[in-house]
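Open the structure in your viewer and keep the sequence panel in sight. We will go from the whole chain to smaller and smaller selections.

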Amino acid sequence: MNNQSEAFSRVLIDKELAYSNWDTTNNAQVTFELKGKSGRADYVLFGDHGPLCVIEAKNPDKDPYEAKEQARAYASELNAPFIILSNGNIHWFWNLSDPQNKDAYRIERFP
């Protein structure tokens, strides 16, 4: 068992975001720990028209897919069309705006 914390996952997630040209120091692009009625979203990525994607971070030794419904609640509340579930090493992407895409699928890199 790895026993690393979610904080370690966030370091890896921050690197993934930077690699995909998201500026984690710009609150207009990335907001951390956004609290809502359904809980606290670990990351919210913003586009030109508001929330674009919720990222749910999990410990490196957990499968982030297990947080799918938790992240869906955050995304629904924020009207964000996309979800990324990540433990820093494994990433799942879910396009909620596409009715044909009923589930998350594995991705290698963040969009």
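Start with the cartoon view of this predicted model. Colour by secondary structure: two helices and six strands appear. Now trace the chain along the sequence. The pattern reads α-β-β-β-α-β-β-β. The radius of gyration is 13 Å, close to the 13 Å that the globule rule gives for 111 residues, so the protein is as compact as a globular protein of that length. Along its principal axes, the C-alpha trace spans about 40 × 30 × 30 Å.

**Stop 1: the sheet**

Select the six strands. They form an open sheet. In which order do the strands lie? The order is E1-E2-E3-E4-E5-E6, and the pairing is mixed. Next, find the edges. Strand E1 (30-36) is one edge, and strand E6 (105-107) is the other. Each of these edge strands pairs on one side only. Now look at how the strands are turned. On average, neighbouring strands of this sheet are turned by 35° against each other, direction ignored.

**Stop 2: two hairpins**

Select E1 and E2. Six bridges pair these strands in the antiparallel sense. The hairpin that joins E1 to E2 passes through two residues. Show Gly36 and look across to E2: its bridge partner there is Gly39.

Move on to strand E2 (residues 39-47) and strand E3 (residues 50-57). How many bridges join them? There are five, and the two strands run antiparallel. E2 and E3 also form a hairpin, with two residues between them. Show two pairs here. Phe46 has Pro51 in E3 as its bridge partner. Tyr43 stands opposite Ile55 in E3.

**Stop 3: the helices**

Select helix H1 (residues 6-19). This helix packs on the sheet. Which strands does H1 touch? H1 touches E1, E2, E3, strand E4 (82-86) and strand E5 (91-95). The direction of H1 makes about 5° with that of E2.

Now select helix H2 (residues 68-78). H2 lies across E1, E2, E3, E4 and E5. Compare the direction of H2 with E3: the helix runs at about 160° to that strand.

**Stop 4: a space inside**

Last, look for empty space. Rolling a probe the size of a water molecule over the atoms shows where such space is left. How many cavities of 30 Å³ or more are counted? The count comes to one. About 50 Å³ of space lies in the largest cavity.

Select the lining of the largest cavity as sticks:

- Leu34, Lys35 and Gly36 are among the lining residues.
- Ser38, Gly39 and Ala41 also belong to the lining.
- Tyr74, Glu77 and Leu78 line the cavity too.

Which elements give two or more residues to this lining? They are E1, E2 and H2. Finally, colour the lining by residue type. The lining divides into four nonpolar, three polar and two charged residues. Gly36 and Gly39, the bridge partners from the second stop, are both in this lining.

Definitions and conventions:
Residues numbered from 1 in each chain as written. Predicted model: local features only at pLDDT ≥ 70, side-chain atom pairs only at ≥ 80, totals over all residues. Heavy atoms only, no water. Pairing = 2+ DSSP bridges. Helix = DSSP H or I, 4+ residues; strand = E, 2+ residues; numbered from the N terminus. Axes fitted to C-alpha atoms, helices over the stretch in contact; angles between N-to-C directions. Contact = heavy atoms within 4.5 Å. 1 Å grid on protein atoms, 1.4 Å probe; cavity = no way out; pocket = protein on both sides within 12 Å on 5 of 7 lines; lining within 4 Å. Points joined across faces, edges and corners; volume = space filled by probe spheres on them. Nonpolar A, V, L, I, M, F, W, Y, C, P; charged D, E, K, R; others polar. Rg over C-alpha atoms; globule rule 2.2 N^0.38 Å.
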